[in-house]
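Hi,

Here is the structure I promised you. Have a look at it first, and then read on for what turned up.

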Amino acid sequence: MSATPPAPRTVVELQQNAVTELERIAPVVDDLGEVFAAAGFELALVGGPVRDAMLGRPHHDLDFTTSARPDDTERLLKGWSEATWDMGREFGTIGCRKGPWTVEVTTYRSEAYDPTSRKPSVDFGDSLDGDLGRRDFTVNAMAVRLPGRVVEDPYGGVVDLAQGLIRTPGTPESSFSDDPLRMMRAARFAAQLGFDVAPEVVAAMTAMAGRIEIISAERVRDELVKLICAPYPRLGLTLLVDTGLAAHVLPELPALRLERDEHHRHKDVYEHTLTVLEQAIDQEDRLGGRPDFVSRFAALMHDVGKPRTRRFLEDGSVTFHHHDVVGAKTTRKRMQALRFSKDEIDAVAKLVELHLRFHGYGSGEWTDSAVRRYVRDAGDQLERLHVLTRADSTTRNRRKAEQLRRTYDDLEARIARLQEQEELDAIRPDLDGNQIMSLLGIGPGREVGDAYRFLLELRLDRGPLSEEEAAAELRSWWESRRD
């Protein structure tokens with residue numbers, strides 16, 4: 001199964017990790033600190049890089065905060081770095097590249113939301129303590145002043161980090177009023193770090209869940225992607241559902257708690273779905289070994305068509321006929337509402353629609369024609385479909401689970417043989433459009449398309465034909481149309 005959350009750490013261990021990491025990045029942080037100090041400005045490494053340094057997770061993206069205003073920051077960075085950019089200027093952020101490091105420097109600030117606005121207003125601040133106080137969580141409200149490397153932790157972030165706890169610097173109600181997206185960020189950090197969320201934070205998320213409605217779909221989408229691609233997504237998703245946030249951002253997920261699986265009535269579809277997600281994650285080595293959002297989100301959405309297709313039979317059993325088709329449409333609508341790209345929507349919806357196809361395979365009764373169609377319909381999502389289909393087996397019956405595994409092994413082996421023999425990945429008719437027009441004596445138009453589709457179906461049914469065989473079949477089909 002997917003990774004288990006890390007064991008608690010001691011404060012001393014976290015501090016030692018930070019010292020080691022600061023030594024590694026000293027060439028950039030100390031140097032930049034000297035540049036700002038010489039110009040009369042404060043500078044501190046802040047937020048995620050400090051937290052991750054304590055956790056022993058080095059990286060090359062460094063965030064700083066400063067008393068300098070953006071124009072001054074830009075001037076100093078241009079004289080120090082190899083390239084600068086200012087896309088975040090309205091939020092006080094100037095970015096640059098220095099060797100292997102990506103650096104962002106943000107002016108001390110505070111943010112607040114108008115209850116009717118989707119965007120935060122930004123006010124620049126004058127102190128590091130004030131800047132840390134407006135940050136989302138205590139584990140992100142730590143800083144290292146530069147160039148002296150003095151640690152600032154006014155809200156006990158290192159203790160919360162050691163205890164594995166997500167807590168806000170001030171009251172969670174105030175923090176979430178400033179930026180309601182922080183409620184989703186709490187779930188995201190739980191999923192990324194494997195941490196618990198403080199009870200008062202959970203209570204505020206529950207009471208204020210409706211406030212997420214003022215956040216733009218794009219910002220919600222980005223947090224959801226980070227959560228789902230995190231090491232422990234079950235933790236974050238469960239928190240979203242339990243607090244009621246999911247009802248606003250991904251209502252299809254809590255809806256699954258109302259259903260029962262038609263094959264395994266001892267477990268509800270919601271728990272089944274989270275298990276399928278974890279089992280899909282366990283197979284990501286087949287997809288390159290990195291978190292794969294498309295396969296993970298398809299696992300999460302594969303059964304969302306069940307609530308609308310549930311039917312109770314006279315014998316007390318439950319069916320969900322065509323939930324694959326309904327689920328694909330539901331998935332497409334949800335992803336469109338969250339402003340996903342067309343390619344991502346098409347990929348996930350295709351996987352949801354095809355996730356039941358394998359169950360028609362039985363014990364291997366499919367013809368080669370059916371196998372070709374399976375490959376053709378999956379297209380460039382075939383490997384992800386393999387992952388989803390295997391992950392969808394959550395039976396506790398070892399004999400049945402082993403039988404399903406062997407059966408799918410057999411299907412994959414048949415696909416591999418046919419691909420080697422017939423180049424299934426590029427399956428097309430045995431005659432092209434020019435040959436069709438020449439043989440039938442017709443010009444471009446609808447009839448050429450009809451002929452092409454006939455030959456494609458013929459190719460799927462019978463496999464590769466010689467040019468002579470394909471021409472004979474085409475002429476016979478053409479004559480039958482004219483009778």
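Which helix does Glu-467 lie in? Glu-467 belongs to helix 24, which covers residues 467–482. Bear in mind throughout that this is a predicted model. Glu-467 also takes part in a patch of negative charge on the surface, where it gathers with Asp-432, Glu-468 and Glu-469.

Now the pockets. The largest one has a volume of about 1500 Å³, and 42 residues line it. Nearest its centre you'll find Asp-63, Arg-109, Arg-185, Arg-188 and Lys-226. If you want to trace the lining through the fold, helix 8 (181–193) is a good place to start: it gives the most to the lining of this pocket, with 6 residues. Several other elements each supply at least two residues, among them helix 3 (48–54), strand 2 (61–66) and helix 10 (217–228). Strand 4 (93–98), strand 5 (101–107) and strand 6 (109–112) are also on that list, each with at least two lining residues.

On to the salt bridges, of which the count comes to 47. One to pull up is Arg-234 with Glu-271, where the closest N and O atoms are 3.1 Å apart. That pair links distant parts of the chain, with Arg-234 in helix 11 (residues 233–243) and Glu-271 in helix 14 (residues 269–282), 37 residues apart.

Last, some backbone geometry. Most peptide bonds are trans, and most residues other than glycine have a negative phi. The loop between strand 8 (143–146) and strand 9 (150–152) holds Pro-147, and the peptide bond from Leu-146 to Pro-147 is cis, with omega near 10°. Arg-149 sits in the loop between strand 8 and strand 9 as well, and its phi is positive, near 60°.

Cheers

Notes:
Residues numbered from 1 in each chain as written. Predicted model: local features only at pLDDT ≥ 70, side-chain atom pairs only at ≥ 80, totals over all residues. Heavy atoms only, no water. Patch = residues over 30% accessible without salt bridge, like charges linked within 9 Å, V, L, I, M, F, W, Y side chains within 5 Å. Areas by Shrake-Rupley, 256 points an atom, 1.4 Å probe, with all protein chains shown as cover. Salt bridge = Lys/Arg side-chain N within 4 Å of Asp/Glu carboxyl O. Lys, Arg positive; Asp, Glu negative; His and termini not counted. Charge placed at Lys NZ, Arg CZ, Asp CG, Glu CD. Helix = DSSP H or I, 4+ residues; strand = E, 2+ residues; numbered from the N terminus. 1 Å grid on protein atoms, 1.4 Å probe; cavity = no way out; pocket = protein on both sides within 12 Å on 5 of 7 lines; lining within 4 Å. Points joined across faces, edges and corners; volume = space filled by probe spheres on them.
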